[in-house]
Amino acid sequence: MPDSNVDVADHPLLGCALLTTRFRAPLGELPACAPLEAALEPMATPPADVALGVDARETLRKDVRDLLRHGGYRPTGRGKPSSEYLVRAATEKGLPRINHAVDACNAVSLHSGLPISVVDLAQTRGRLRIDVVDEGSYVFNASGQEIRLDGLLCLFDDRGPIANAVKDCHATKTSPSTTDTLSVLWSPTAHAPHTAATARWYASLLEQAGATVTVH
């Protein structure tokens, strides 16, 4: 597996969890996985220690936004956390099936309320770290659209930022040839028990798909 060590800068609000995953074959060659398919449904039931009531979900939503706002970023409108986008997308039209890595990420983020990044480790360069971006941007989709990253907490490699709780960089997204991934659960420190339970469920879903997972 490519180097998956991540240096995390001191941050008063960040309590992230990290998962490294090795799939038993390239993502494009893996058969459908029933547990992942079921978890993507809006009415799916996550484990009891992951499920959130209305009040708890709203508290987490506000705390995630405060986490992203701490460095000066404005997590609103099109720049809101990806977990909020997933709730709306799942309700309006359902979530698409993409591949095991993205499907597990989306299912867990949808039901836990935590924004999650997933990157193809083979597409990263050098040492990985998490820190706040001073200023900059990157392309986040195949159409060439960019997101401004000023003040946003991001995952970096030697080239610069590659992922965050809003939109991940297109250059390190998964593809049919992906075999190894790194996932970042962008969580506020106040929600540590929920984050740990969510990471365990995330790992379980991936393992049911035949992957080998390490939770950091």
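1. A residue counts as buried when its relative accessible area is under 20%. Keep that cut-off in mind as you look at this predicted model. At 5% relative accessibility, S83 falls under the cut-off and therefore counts as buried. You will find S83 in helix α3.

2. What does S83 touch, leaving aside its neighbours within four places in sequence? Its contacts are S109, G113, L114 and P115. There is also a polar detail to look for: a polar atom of the S83 side chain lies 3.4 Å from the backbone oxygen of G113.

3. Now take in helix α3 as a whole. Its buried residues are S82, S83, E84, L86, A89 and A90. The cover over these buried residues includes α2 (54–69), α4 and β3. After α3 comes G94, and the phi of G94 is positive, near 80 degrees.

4. Next, set α3 (residues 82–92) beside α4 (residues 100–112). At what angle do the axes of these two helices cross? They cross at roughly 95 degrees and come within 9 Å. Angles of 65 to 115 degrees count as roughly perpendicular, and α3 and α4 are therefore roughly perpendicular to each other.

5. You can pick out the residues where these two helices meet. From α3 come S83, L86, V87 and A90, and from α4 come N106, S109 and L110. Sorted by class, this contact has four nonpolar residues, three polar ones and no charged ones. S83 thus appears again here, as one of the α3 residues that meet α4.

6. Let us move on to the sheets. Strands of a sheet pair through backbone hydrogen bonds, either parallel or antiparallel. One open sheet here has four strands in the order β3-β9-β2-β10, and its pairing is antiparallel. Its edges are β3 (116–120) and β10; each has a single partner strand, so one side of each is left without a neighbour in the sheet. On average, neighbouring strands of this sheet are turned by 20 degrees against each other, direction ignored.

7. Follow the pairings across that sheet. β3 and β9 run antiparallel and are joined by five bridges, with V119 having L182 in β9 as its bridge partner. β9 (residues 180–185) also pairs with β2 in the antiparallel sense, over six bridges, and here V184 in β9 stands opposite L18. Then β2 pairs with β10 (residues 212–215), again antiparallel, over four bridges. In that pairing, T20 has T214 in β10 as its bridge partner.

8. Is strand β2 (residues 17–22) largely enclosed or largely open? Five of its six residues are buried, so β2 is largely enclosed by the rest of the structure. Helix α4 also has a place in this picture: α4 lies across β3 and β9 and runs at about 170 degrees to β3.

9. There is another open sheet of four strands to trace, in the order β1-β4-β7-β8, and its pairing is mixed. At its edges are β1 (6–8) and β8 (160–164), each pairing on one side only. Neighbouring strands of this sheet are turned by 35 degrees against each other on average, direction ignored. Within the sheet, β7 (residues 153–157) pairs with β8 in the antiparallel sense over four bridges. Look for L155, whose bridge partner in β8 is A163.

10. Two loop residues are worth a look, and T172 comes first here. T172 sits in the loop between β8 and β9. Is T172 buried or exposed? With a relative accessible area of 1%, T172 is buried. A polar atom of the T172 side chain lies 3.4 Å from the backbone oxygen of I162. Leaving aside neighbours within four places in sequence, T172 is in contact with V119, D120, Q123, T124, R159 and I162.

11. Finally, turn to E135, in the loop between β4 (128–132) and β5 (137–139). A relative accessible area over 50% counts as exposed, so E135, with 63%, is exposed. E135 still has contacts beyond its neighbours within four places in sequence, namely R148 and D150. How far apart in space are E135 and G151, C-alpha to C-alpha? They are 6.6 Å apart in space, while in sequence they are 16 residues apart.

Terms used. Residues numbered from 1 in each chain as written. Predicted model: local features only at pLDDT ≥ 70, side-chain atom pairs only at ≥ 80, totals over all residues. Heavy atoms only, no water. Axes fitted to C-alpha atoms, helices over the stretch in contact; angles between N-to-C directions. Parallel < 35°, antiparallel > 145°, perpendicular 65-115°, else oblique. Contact = heavy atoms within 4.5 Å. Nonpolar A, V, L, I, M, F, W, Y, C, P; charged D, E, K, R; others polar. Pairing = 2+ DSSP bridges. Buried < 20%, exposed > 50% of the residue type's maximum accessible area, 1.4 Å probe, protein only. Polar contact = N/O pair within 3.5 Å; in protein donor to acceptor, adjacent residues only side chain to side chain.
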